Amino acid sequence: MAGSLKTTSGKRKLNLTSKKFAIVMAEWNEEITEALYEGAYDTLIKLGAKKSNIIRVSVPGSYELPLAAQRMAKKKEIAAVICLGCVIQGETPHFDYICNAVANGIMRVNLDTGKPVAFGVLTTLDKKQALERAGGKYGNKGEEAAVTVVEMLA
Ligand code: RBF
């Protein structure tokens with residue numbers, strides 16, 4: 001049935017036609033984050049969301065994701081937020097600080113707002129590993145993030 005989802009458990013169904021989503025994406029490693037965005041957007045549409053109910057928000061880097069996610073999650077009309085980013089260890093000397101801050105920040109937005117906020121942030125050793133997870137041999141983590149928020153809403 002159009003507009004509804006069968007979750008992995010196959011039991012619950014949710015109609016998404018009236019649900020609004022924000023996809024917050026980092027511009028660093030844009031080739032990767034654009035691929036994650038496409039995966040997340042296409043998945044929401046496939047699961048029944050309306051194009052006009054998907055809001056795209058860009059931030060400079062992954063470190064900025066929690067603040068933008070918080071701003072979107074605080075909006076009454078937004079049901080869930082998907083955060084997308086890509087932090088590459090080889091190019092980021094303070095990799096651990098960024099990854100920890102982003103993961104903790106996104107979790108805080110989940111708990112503070114009570115809304116699903118997905119962590120679709122790749123943290124990889126190099127660009128090859130990132131590409132493999134942005135539509136390559138390990139799938140597209142943007143798609144998984146979209147399925148996750150829909151399952152949490154259900
Ligand atoms: N942001 C990312 O999303 N991914 C990265 O791989 C990344 N690497 C960075 C490496 C350096 C040396 C610096 C200074 C920033 C990097 N950022 C990266 C940007 C970061 O998330 C943030 O936008 C900036 O630190 C400004 O707050």
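Ser62 puts a polar side-chain atom 2.7 Å from an oxygen atom of the ligand. Tyr63 joins in through its backbone, with an N or O atom 3.1 Å from a ligand oxygen. Ile88 also uses its backbone here: one of its polar atoms is 3.2 Å from an oxygen atom of the ligand. On its own the ligand would expose 540 Å², and the protein buries 72% of that. Keep in mind as you look around that this is a predicted model.

The shell around the ligand holds 14 residues, and the ones that come nearest are Ser62, Tyr63, Glu64, Cys86 and Thr92. By character, the shell splits into seven nonpolar, five polar and two charged residues. Which strand gives the most to this shell? That would be strand E5, residues 78-88, with three residues.

**How far to trust it**

The protein chain has an average pLDDT of 93, and 92% of the residues score at least 70. The stretch to treat with care is residues 1-6, where pLDDT stays under 50. For that stretch the model has 17 contacts beyond four places in sequence.

**Along strand E5 and into helix H3**

Ala79 sits in strand E5. Is Ala79 buried or exposed? Its relative accessibility is 15%, so it counts as buried, the cut-off for buried being under 20%. Leaving out residues up to four places away in sequence, Ala79 touches Lys19, Lys20, Lys115, Pro116 and Leu153. Val117 is 38 residues from Ala79 in sequence, and their C-alpha atoms are 9.4 Å apart in space.

After E5 comes a loop that leads to helix H3 (95-113), and His94 lies in that loop. With a relative accessible area of 41%, His94 is partly exposed. Lys19, one of the residues that Ala79 touches, is a long way off from His94 in the model: their C-alpha atoms are separated by 37 Å, with the two positions 75 residues apart along the chain.

Cys99 belongs to helix H3. This cysteine is buried, with a relative accessible area of 14%. Once neighbours within four places in sequence are set aside, Cys99 is in contact with Val87 and Thr123. Cys99 can also be placed relative to Ile88, the residue whose backbone comes 3.2 Å from a ligand oxygen: the C-alpha atoms of Cys99 and Ile88 are 9.9 Å apart, and the two are eleven residues apart along the chain.

Here are the C-alpha separations side by side.

| Residue pair | Apart along the chain | C-alpha to C-alpha |
|---|---|---|
| Lys141 and Leu36 | 105 residues | 6.4 Å |
| Ala79 and Val117 | 38 residues | 9.4 Å |
| Cys99 and Ile88 | eleven residues | 9.9 Å |
| His94 and Lys19 | 75 residues | 37 Å |

**Helices H4 and H5**

Glu132 is part of helix H4, which covers residues 127-132. Its relative accessibility is 12%, so Glu132 counts as buried. What does Glu132 touch, not counting residues up to four places away in sequence? The list is Lys137, Tyr138 and Gly139.

Lys141 is in helix H5, residues 141-153. At 25% relative accessibility, Lys141 counts as partly exposed. Its side chain makes a polar contact of 3.1 Å with the side chain of Glu144. Beyond four places in sequence, Lys141 touches Leu36, Leu122 and Arg133. Leu36 is 105 residues away from Lys141 along the chain, yet their C-alpha atoms are separated by 6.4 Å.

**An odd backbone angle**

One last thing to look at is Asn29, in the loop between strand E3 (20-26) and helix H1 (30-46). Asn29 has a positive phi of about 55 degrees, although it is not a glycine. Why is that worth a second look? Most residues other than glycine have a negative phi.

Conventions. Residues are numbered from 1 along each chain as its sequence is written. This is a predicted model: local features need pLDDT of at least 70, side-chain atom pairs count only at pLDDT 80 or more; totals for chains, interfaces and linings use all residues. Side-chain values use heavy atoms; hydrogens and water are left out. Helices (H or I, at least four residues) and strands (E, at least two) are DSSP runs, numbered from the N terminus. Buried means under 20% relative accessible area, exposed over 50%, partly exposed in between (1.4 Å probe, protein chains only). Contact means heavy atoms within 4.5 Å. pLDDT is the predictor's confidence in each residue, from 0 to 100. A residue is near a molecule or strand if one of its heavy atoms lies within 4 Å of it. A polar contact is a pair of N or O atoms within 3.5 Å; within protein, one must be able to donate a hydrogen and the other to accept it, and residues adjacent in sequence count only if both atoms are side-chain atoms. Accessible areas come from the Shrake-Rupley method with a 1.4 Å probe; for residues, only the protein chains shown count as cover. Ala, Val, Leu, Ile, Met, Phe, Trp, Tyr, Cys and Pro count as nonpolar, Asp, Glu, Lys and Arg as charged, and the others, Gly among them, as polar.
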